[in-house]
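Me: I would like to learn how to read a model like this one, feature by feature, before I use it in my own work. Could you take me through it step by step?

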Amino acid sequence: VADIIGDGEQHTEGESARKKLKVEQVSREKDKTPAGNGKGKCSASSLLPVEEKNLFANFTFKRVLRADPSRKMAFLHGQFEKTANEDEEDSADGASKDAVVILEQSAFHLDHVEKMLAAGAKGDLEFQNDVYHNYRVFFPAEFNATKTTIIYPATQSHIEKFGQQPVYIVDESPDDYLNITLPSLQKSKRFDTKWVDNILDHEKETERIVFEDPDKESGFVLLPDLKWDGHNVDSLYLIALPHKRGIHSIRDLTSDHLTMLNKIKNEGTAAITEKYGLPASRIRAFFHYQPTFYHLHIHFTNIHFDAPGRNAEKAHMLTTVISNLQYDDYYKKATIPFVVGEKDPLFALYDHCLKP
Ligand code: M7G
């Protein structure tokens, strides 16, 4: 199941060569499938190819974690039956069979609407009043893909992240970070970001890379975010991952990182403009604080896309961060607000300053 999220392909050693590269949509062109849907390419024999098997045949639905009607999304908790292999592996560490399934109705791809109408549609007239006609219409299946992300095996913190919970704002001083936040993050293993290492080491998502600067100190990889279908520029969403390990979040940034950040801003934006035709003035580039994953990364989204986590209490614009870092070690001295959910381990640690 995990392969549905990754690219599911074997990569040759040649692909791992560190060189400056711009990778066009090579393999996507080959199989004509949208980026990241893994269709027909996954190795998990129990689930794929998608066309022939019910992806959820061995899935037991548990509950809806959250629904987001405005984004037409549903976040579900369920369990996949373990395969024989998984059972063997799991008996050692007791890993869970839990899964989080994220369903998202795709936005219309405006280049395809003409084809969609021409392909034929069946519909029931729901009502008509004067010149106004309301139908429930069924277009051919190929136009109705539901973007589906499966996190498997899912940990308790995955399940909690996507569930509903009251949230609070913490004003985190530098001392709070060092004495409360940092030890808790270290203990909860939130600095383990295997999926990031897989990308930086060219082991996963290699053919999705849009731009790479291979410099170990100031270079980065730019690729479509897990949240994006990789096609619809209206909801464009890419992330930049610096090659340098050990920078967990904006808290760790100093003026030493300015070369890297300026490259990410200039080269990253230029690569997006070249590939997707979106000018720099319509790209929102920002960090999250706190992030979910503690390998520094920068979000690039279409300014018109209401990206989750773009709100004032979470987003820090890349340009502002670069500007603040001119005043050396700004983020080591700043009080930075962040949002914490009641189920986050940090909530209990900051309880004293959240109670009225
Ligand atoms: P964040 O601020 O740490 O978390 O951003 P959040 O925005 O999810 O709260 C991490 C970003 O990395 C998010 O936008 C994720 O959608 C994206 N992301 C996470 N994973 C596990 C992957 C992945 O495996 N591949 C890619 N391409 N993006 C990912």
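**Reading the model**

Reply: Let us begin at the ligand, bearing in mind that this is a predicted model. The ligand is surrounded by 15 residues, and the closest of them are Leu-226, His-288, Pro-291, Thr-292 and Phe-293.

Me: How many residues of the shell around the ligand are nonpolar, how many polar and how many charged?

Reply: The shell around the ligand is made up of seven nonpolar residues, five polar ones and three charged ones.

Me: Stepping back from the ligand, what does the protein chain contain in helices and strands, and how is the chain divided into domains?

Reply: The protein chain holds 11 helices and 14 strands, and its division gives domain 1, covering 113-143, and domain 2, covering 165-354. The C-alpha centres of domain 1 and domain 2 are 41 Å apart. Of the 356 residues in the protein chain, 26% count as buried. Among contacts in the protein chain with a separation of 6 or more, 67% are between residues 24 or more positions apart.

Me: How should I read the pairing of strands, and which strands form the open sheet?

Reply: The general idea is that the strands of a sheet pair through backbone hydrogen bonds, in either a parallel or an antiparallel way. Here the open sheet has four strands in the order E1-E2-E3-E6, and their pairing is antiparallel. Strand E1 (59-68) and strand E6 (146-151) are the edge strands, each pairing on one side only, and from one strand to the next the twist averages 20 degrees.

Me: How many bridges link strand E3 to E6, and which residue in E6 stands opposite Val-100?

Reply: Strand E3 (residues 98-105) pairs with E6 over six bridges in the antiparallel sense, and the residue of E6 that stands opposite Val-100 is Ile-151.

Me: What can be said of the hairpin of E4 and E5?

Reply: Strand E4 (residues 122-129) and E5 run antiparallel and are joined by seven bridges, with Phe-127 standing opposite Asn-134 in E5. The hairpin has two residues between the strands, and Asp-130 takes a positive phi there, near 55 degrees.

Me: Why does strand E5 lie largely in the open?

Reply: A residue counts as buried when 20 or more other C-beta atoms lie within 10 Å of its own. Strand E5 (residues 132-138) has seven residues and the number of them buried is zero, so the strand lies largely in the open.

Terms used
Residues are numbered from 1 along each chain as its sequence is written. This is a predicted model: local features need pLDDT of at least 70, side-chain atom pairs count only at pLDDT 80 or more; totals for chains, interfaces and linings use all residues. A residue is buried if 20 or more other C-beta atoms lie within 10 Å of its own, exposed if 12 or fewer, and partly exposed in between; C-beta atoms are placed from the backbone. Two strands pair if DSSP finds at least two bridges between them. Axes are lines fitted to C-alpha atoms, for helices over the stretch in contact, and angles run from 0 to 180 degrees between N-to-C directions. A residue is near a molecule or strand if its C-beta atom, placed from the backbone, lies within 6 Å of it. Ala, Val, Leu, Ile, Met, Phe, Trp, Tyr, Cys and Pro count as nonpolar, Asp, Glu, Lys and Arg as charged, and the others, Gly among them, as polar. Domain bounds come from an automatic or database domain assignment. Two residues are in contact if their C-beta atoms, placed from the backbone, lie within 7 Å.
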